[in-house]
Amino acid sequence: MILAKPETEAHAGEALKVACHMFGAPLSHVAKHLGVSRQHVHNMQSTKRMNAERLKDIAEFFGLSVKEFLNLSNAPVSSFYRKNMEQVCSAIKNHNDSRYREMLDHSKLVEKLISELE
């Protein structure tokens, strides 16, 4: 699937804010996963850069790659759509549904349209 090319450098804190909102994850759950306080996670939302290990841990919490996670700050809707459609397409493929190819093609078209609008 297509990843939107960021026009600006990714903002890790903004990506964290978007991810929490989109996935409905309370800061306290992220904090527990990272082994830090909820206040620390709140402060991280204003941090532009984070070290690679921290990014990996946060992305893992949301079930994303680091690249997908950071892309949330530049293209949140298409990133969220892509992740969900990957799961849907995988489920359809695993059930040997004959509509898999059609669903995949449709998904790519919708993602392209979303990316153009962002």
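**Exercise 1. What share of the contacts in the protein with a separation of 6 or more comes from residues 24 or more positions apart?**

Solution. Among contacts in the protein with a separation of 6 or more, 64% join residues that are 24 or more positions apart. Keep in mind as you work that this is a predicted model.

**Exercise 2. Describe the protein as a whole: its elements, its span and its surface.**

Solution. Step 1: start with the elements. The protein has 7 helices and 0 strands, and read from the N terminus the order is α-α-α-α-α-α-α.

Step 2: look at the span. The C-alpha trace extends over about 50 × 30 × 20 Å along its principal axes.

Step 3: turn to the surface. About 7,300 Å² of the protein is accessible, and carbon and sulfur atoms hold 54% of that area. Of its 118 residues, 35% count as buried.

**Exercise 3. Work out how helices α2 and α4 pack: which angle do they make, and which residues meet?**

Solution. Step 1: recall what is needed. A pair of packed helices is described by the angle between the axes and by how far apart those axes are.

Step 2: find both values. Helix α2 covers residues 27-34 and helix α4 covers residues 52-61; they pack at an angle of about 125°, and their axes are 10 Å apart.

Step 3: classify the angle. Angles from 65 to 115 degrees count as roughly perpendicular and those over 145 as roughly antiparallel, so the angle found here makes α2 oblique to α4.

Step 4: add the handedness. The crossing of α2 and α4 is right-handed.

Step 5: list the residues. From α2 come H29, V30, H33 and L34, and they meet R54, D57, I58, E60 and F61 of α4. Sorted by type, the residues in this contact are 4 nonpolar, 2 polar and 3 charged.

**Exercise 4. Place K48 in the structure. Is K48 buried, partly exposed or exposed?**

Solution. Step 1: locate the residue. K48 sits in the loop that lies between α3 (38-44) and α4.

Step 2: use the accessibility. Buried means under 20% and exposed means over 50%; K48 has 36% relative accessibility, so K48 counts as partly exposed.

Step 3: check its partners. Setting aside residues up to four places away in sequence, K48 touches E9, A10, H11, A12 and G13. Take G13 as an example: G13 and K48 are 35 residues apart along the chain, yet their C-alpha atoms are separated by 5.5 Å.

**Exercise 5. Follow the contacts of C89. Which residues does C89 touch, leaving aside its neighbours within four places in sequence?**

Solution. Step 1: locate C89. This residue lies in helix α6, residues 76-94.

Step 2: judge its burial. The relative accessible area of C89 is 4%, so C89 is buried.

Step 3: name the partners. Beyond its neighbours within four places in sequence, C89 is in contact with Y100, M103 and L104.

Step 4: look at Y100. Y100 belongs to helix α7, residues 100-117. Not counting residues up to four places away, Y100 touches C89, I92 and K93. The C-alpha atoms of Y100 and V88 are 9.6 Å apart, with their positions 12 residues apart in sequence.

Step 5: look at L104. L104 also lies in helix α7, and its relative accessibility is 11%, so L104 counts as buried.

Step 6: compare with residues elsewhere in the chain. C89 and G35 are 34 Å apart, C-alpha to C-alpha, while 28 Å separates the C-alpha atoms of L104 and K56.

Methods. Residues numbered from 1 in each chain as written. Predicted model: local features only at pLDDT ≥ 70, side-chain atom pairs only at ≥ 80, totals over all residues. Heavy atoms only, no water. Axes fitted to C-alpha atoms, helices over the stretch in contact; angles between N-to-C directions. Helix = DSSP H or I, 4+ residues; strand = E, 2+ residues; numbered from the N terminus. Parallel < 35°, antiparallel > 145°, perpendicular 65-115°, else oblique. Left-handed = near helix turned anticlockwise from the far one by under 90°. Contact = heavy atoms within 4.5 Å. Nonpolar A, V, L, I, M, F, W, Y, C, P; charged D, E, K, R; others polar. Buried < 20%, exposed > 50% of the residue type's maximum accessible area, 1.4 Å probe, protein only. Areas by Shrake-Rupley, 256 points an atom, 1.4 Å probe, with all protein chains shown as cover.
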